[in-house]
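Please read the following dialogue with the structure beside you. A learner asks how to read several kinds of feature, and a teacher replies.

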Amino acid sequence: MRSLSRFALLAAFAAPGLLSAAPGFRTETLAPGVHAFVRTKPLGMLLDANVLVIVNDEDVVVVDANLTPTSAEATIAAIRALSPKPVSLLVNTHRHADHTGGNATYRGAFPEVEILASAEMAEDLAAKGDETMQGWIGWARQLSNDLPKALAAKTSLGGKPLTEPLRVSYEGDLAAVREIVADAGHMAVAGPSATIPVIGGKLTLRRTIQGKPRTIEIFSPGRGHTRGDLVVWLPAERVLAAGDLLVTPGPLVGADQSYVEDWIGTLDRLAGLEPAFVVPGHGAVARAADAVGALRAYRDFFAAVVTQASPALAAGKSADVILETLDVESFRKTMAGDDPVANFLFTIWGRNPSVQAMERARQETPR
Ligand SMILES: [Zn+2]
């Protein structure tokens, strides 16, 4: 469970409230027929993925599938409210359960749907998907037990006095874990039906919207959050669905699976597209100057980590030792501000695992 405790926090889970009136997301229309479903749950340990819905004249293309059947069903209901056309293609940006857990629900709703991912993602999902999904369900059960106790005792899970921002965050997480526990019996890993390789793989779809041509490009800009991330890019609308290559407000790094040194170039390539909108895997849509700005800020954070940690790792220092003095406080200020929850997440999802991931990646592929 050690690697789980590090990465499970990254695992995104269904937002609360899906069983009530609120669907757990809001819809933002970015261009004709291009809709971002942005999660509204307060920032916390559990996240569900944002979804990009591209409505064409003859079909619908969707990016990312949510975690639970309940969450995916709410998304599908909202898609059907936008268009009677079927979802013909569902893209999984990467293997994590918050982006893939709803795959089987989409297959049930749209029997002809093609589910596309990278070949690397498909390999990793087949090897580790069941284990990680079961791990997350177990972790949700644990939290559904621990969070009510912490809330009643007005303490944090670490035993400190419960601040108001943390209380709000815990309430959101509790609703999310309760939904996972309720859905656990029908959560199952379902892999893609088609893949493209990370290196050199690219799928270009030609569609129309209101009779005018539309291009949808699907490709990997390079390793980053995982070794198998895909993005979806609409060159005419300048809309980019980045998956977890970009998460707002702060970085989301997996010590056991991210590639921080490669991530810098990957983000440079995405910024080079000059998107007008970036739909991140989690968090608010970045738009106008902020779209490229968010990609650059994320890139600069990783560059600052690599500049400090790289010589130290080369000199044989461990990640733990490097973390004692790693200084990324200016990024903490910009990304997390005064919010104690965002600050906590910046440390455990961004700062610390970035160096740990560098250490791991170097052992994986000696240079
Ligand atoms: Zn995610």
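The dialogue that follows concerns a predicted model and takes up salt bridges, cores, aromatic pairs and a metal site.

Q: How many salt bridges does a search of the whole structure find?

A: Side chains of opposite charge can pair when their charged atoms come close. In this structure, the search finds 17 salt bridges. One of them joins R287 to E28, with the closest N and O atoms 2.5 Å apart.

Q: Which parts of the chain does the pair of R287 and E28 tie together?

A: To answer this, one locates each partner in its element. R287 belongs to strand β13 (residues 286–287) and E28 to strand β1 (residues 25–31), so the salt bridge ties together parts that are 259 residues apart in sequence. R26 also takes part, since R26, E28 and R287 are linked in a network of salt bridges.

Q: Are R287 and E28 buried or exposed?

A: Relative accessibility is read against a cut-off: a residue is buried under 20% and partly exposed from there up to 50%. E28, at 15%, counts as buried, whereas R287, at 36%, is partly exposed.

Q: Where do R167 and E164 lie, and how far apart are they in sequence?

A: Both residues are in helix α6 (residues 164–183), three residues apart, which separates them by about one helical turn. Their closest N and O atoms are 2.8 Å apart in a salt bridge. R167 is partly exposed at 31% relative accessibility, and E164 is partly exposed at 45%.

Q: Which strands hold the salt bridge partners E217 and K202?

A: The side chains of E217 and K202 meet in a salt bridge at 3.5 Å, N to O. E217 is in strand β9 (residues 212–219) and K202 in strand β8 (residues 202–209), and the two residues are 15 apart. E217 counts as buried at 15% relative accessibility, while K202 is partly exposed at 48%.

Q: Which residues touch the most other members of the largest nonpolar core?

A: One reads a core by asking which residues join it and which element supplies them. The largest nonpolar core has 71 residues, and Y298 and F302 touch the most other members. Helix α8 (residues 289–314) gives the most to this core, with 14 residues. Leaving aside residues up to four places away in sequence, Y298 touches several residues, among them D244, W263 and M335. A second, separate core has 24 residues, including A36, V63, V91 and V232.

Q: Why is the pair of W263 and Y298 edge-to-face?

A: For two rings, one considers the distance between centres and the angle between planes. The structure holds eight aromatic pairs. The rings of W263 and Y298 have centres 6.0 Å apart and planes at 70 degrees, so this pair is edge-to-face. W263 lies in helix α7 (residues 260–272) and Y298 in helix α8, so the pair ties together parts 35 residues apart in sequence. W263 is buried at 0% relative accessibility, and Y298 is buried at 1%. F301 and F331, with centres 5.9 Å apart and planes at 75 degrees, are also edge-to-face. One aromatic cluster is formed by W263, Y298, F301, F302, F331 and F346.

Q: Which residues coordinate the zinc ion?

A: A metal site is read through its donor atoms and the angles between them. The zinc ion is coordinated by D98 (OD), H99 (NE2), D244 (OD) and H282 (NE2), at 2.0 to 2.2 Å. D98 and H99 are buried.

Q: Why is the arrangement around the zinc ion irregular?

A: The four donor atoms subtend angles of 80 to 170 degrees, which makes the arrangement irregular. In sequence, the donor residues are spaced D-H-x144-D-x37-H.

Methods. Residues numbered from 1 in each chain as written. Heavy atoms only, no water. Salt bridge = Lys/Arg side-chain N within 4 Å of Asp/Glu carboxyl O. Helix = DSSP H or I, 4+ residues; strand = E, 2+ residues; numbered from the N terminus. Buried < 20%, exposed > 50% of the residue type's maximum accessible area, 1.4 Å probe, protein only. Core = buried A, V, L, I, M, F, W, Y, C linked by side-chain atoms within 4.5 Å. Contact = heavy atoms within 4.5 Å. Donors = N, O, S within 2.8 Å, 3.2 Å for Na, K, Ca; no water. Tetrahedral: all angles 85-135°; square planar, octahedral: opposite > 155°, others 65-115°. Phe/Tyr/Trp six-rings, centres within 6.5 Å; stacked < 30°, edge-to-face > 60°.
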